[in-house]
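I opened the notebook to go through the aromatic pairs, one helix, a few backbone angles and one strand in turn. My entries follow the order in which I looked things up.

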Amino acid sequence: MSDLLDDDLELRIGTLQLSTDNVATNAEAQRPGREKTSGNARSTPVNVPPSSVLSGADSLTSSSSSFADARADGATNAQPETEQEAVQTVYPRYDVPFNRENIKDFFTFRRGVVENAIQECITALLFPEDGEYLGSWLLTEITLWDNEKERIVLLTSRLVMTIKYDFIAMKQLDFKKTYLDDLDTIVIGELVYPPSSLVPERNLRGVRLMWNKGEALPLKTVWNPFSQDVPFITFASHPIYWHKDGGVDERSTYDMEIFAQKLQRAVETAASACCIHHSPIVIQSYVGITSLLHNKTSMGFFKVRGKFSF
């Protein structure tokens with residue numbers, strides 16, 4: 001048996017040597033910079049990971065090419081080149097909020113409501129000194145105390161405007177401007193809780209805009225649920241995103257990922273010193289009974305609730 005293995009090994013080595021000599025001979029006959037492939041040779045495809053994977057979860061980057069939408073990545077690789085189907089835009093780990101019947105109670109689910117509200121906000125709140133208009137969305141703001149709020153978001157070349165809007169009375173209630181020059185960090189990734197938290201995982205992605213320069217929050221801010229001095233904003237996709245009929249364009253108004261992409265391009269165009277950080281976003285909630293009740297009953301959204309609407 002050992003003799004047979006030795007003979008086989010010698011035969012394989014000889015074949016390998018012969019093949020190498022042939023390649024060297026062919027390479028000498030070719031011009032520099034060109035390669036010749038034998039008709040019997042087989043090309044082995046090399047799977048190159050996307051740049052977002054190569055950069056690592058904790059890397060800092062300001063390159064738009066490294067912003068890969070993880071929701072569509074798996075679906076794209078699995079499709080044959082000859083038959084490219086529509087790219088699925090739902091991230092596999094997303095827990096779809098609410099159901100189809102419940103989502104119909106949202107006033108923003110009605111046709112034309114969101115479009116009219118956004119147009120009203122653009123006309124009334126944006127001025128030439130605010131910069132070039134880049135886009136508008138209806139997103140979910142997640143507060144410091146893990147409460148979900150329905151917000152209109154306007155993006156310009158100079159600022160991000162967050163608007164609280166009454167979709168029942170169709171009027172603006174409040175708004176806040178956050179200038180891109182003030183941002184020092186933007187975090188894009190999955191929303192997670194501390195290891196010791198009792199709150200169930202969200203399985204949801206978000207984006208956080210920060211301007212605290214790495215400093216810890218003061219206690220008067222951390223323990224005050226009504227504080228207006230929180231130096232960051234966190235957004236996630238609106239629940240309607242998963243239930244809206246139509247294609248990608250129809251749902252783009254409710255998509256946090258598209259907002260994050262355009263925000264990153266705006267920061268890069270402005271040559272800001274802000275860092276784009278692709279990593280999990282930690283929500284400092286450990287028990288979260290109040291926030292669980294608030295979010296489960298969708299108190300931060302305008303909807304029909306039995307005989308009442310608020």
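The entries below start with the ground rules and then move from rings to backbone.

**Ground rules.** I am working with a predicted model, in which local features need pLDDT of at least 70 and side-chain atom pairs count only at pLDDT 80 or more, while totals for chains, interfaces and linings use all residues. Residues are numbered from 1 along each chain as its sequence is written, and side-chain values use heavy atoms, with hydrogens and water left out.

**Aromatic pairs.** I took rings of Phe, Tyr and Trp (its six-membered ring) as paired if their centres lie within 6.5 Å, with planes under 30 degrees apart counted as stacked, over 60 as edge-to-face and the rest as tilted. By this rule I count six aromatic pairs. I looked up F106 with F301, and because the ring centres are 5.4 Å apart and the planes stand at 65 degrees, I entered the pair as edge-to-face. This pair links distant parts of the chain, 195 residues apart, with F106 in the loop between α4 (100-103) and α5 (113-125) and F301 in the loop between α9 (289-296) and β11 (304-305). For the element names I rely on DSSP runs numbered from the N terminus, helices being H or I of at least four residues and strands being E of at least two. Both F106 and F301 are buried, where buried means under 20% relative accessible area, exposed over 50%, and partly exposed in between (1.4 Å probe, protein chains only).

I then turned to F235 and F259, which form an edge-to-face pair at 5.7 Å centre to centre and 85 degrees between the planes. Since F235 lies in strand β8 (residues 232-237) and F259 in helix α8 (residues 256-269), the pair ties together parts that are 24 residues apart in sequence. I noted F235 and F259 as buried, and W137 joins F235 and F259 in one aromatic cluster.

**Charges over rings.** I required NZ of Lys or CZ of Arg within 6 Å of the ring centre and within 35 degrees of the ring normal. The charged end of R208 sits over the ring of F232, 4.4 Å from its centre, and R251 lies over the face of Y241 at 5.3 Å from the ring centre.

**Strand β8.** How many residues of β8 are buried? I found six of the six buried, so β8 is largely enclosed by the rest of the structure. I called two strands paired if DSSP finds at least two bridges between them. Strand β2 (residues 133-142) runs antiparallel to β8 and is joined to it by three bridges, and the bridge partner of L139 in β8 is S237. Five bridges join β7 to β8, again antiparallel, with G206 bridged to A236 of β8.

**Helix α9.** I found S291, H294 and N295 of α9 buried. They cover an arc of only 90 degrees around the axis (taken from the directions from the helix axis to the C-beta atoms), which puts them on the same side of α9. On the other side of α9, I289, L293 and K296 are exposed.

**Positive phi.** I recorded S298, just after α9, with a positive phi of about 50 degrees. N203, not a glycine, has a positive phi of about 55 degrees and lies in the loop between β6 (185-192) and β7 (205-210); at 17% relative accessibility, N203 counts as buried.
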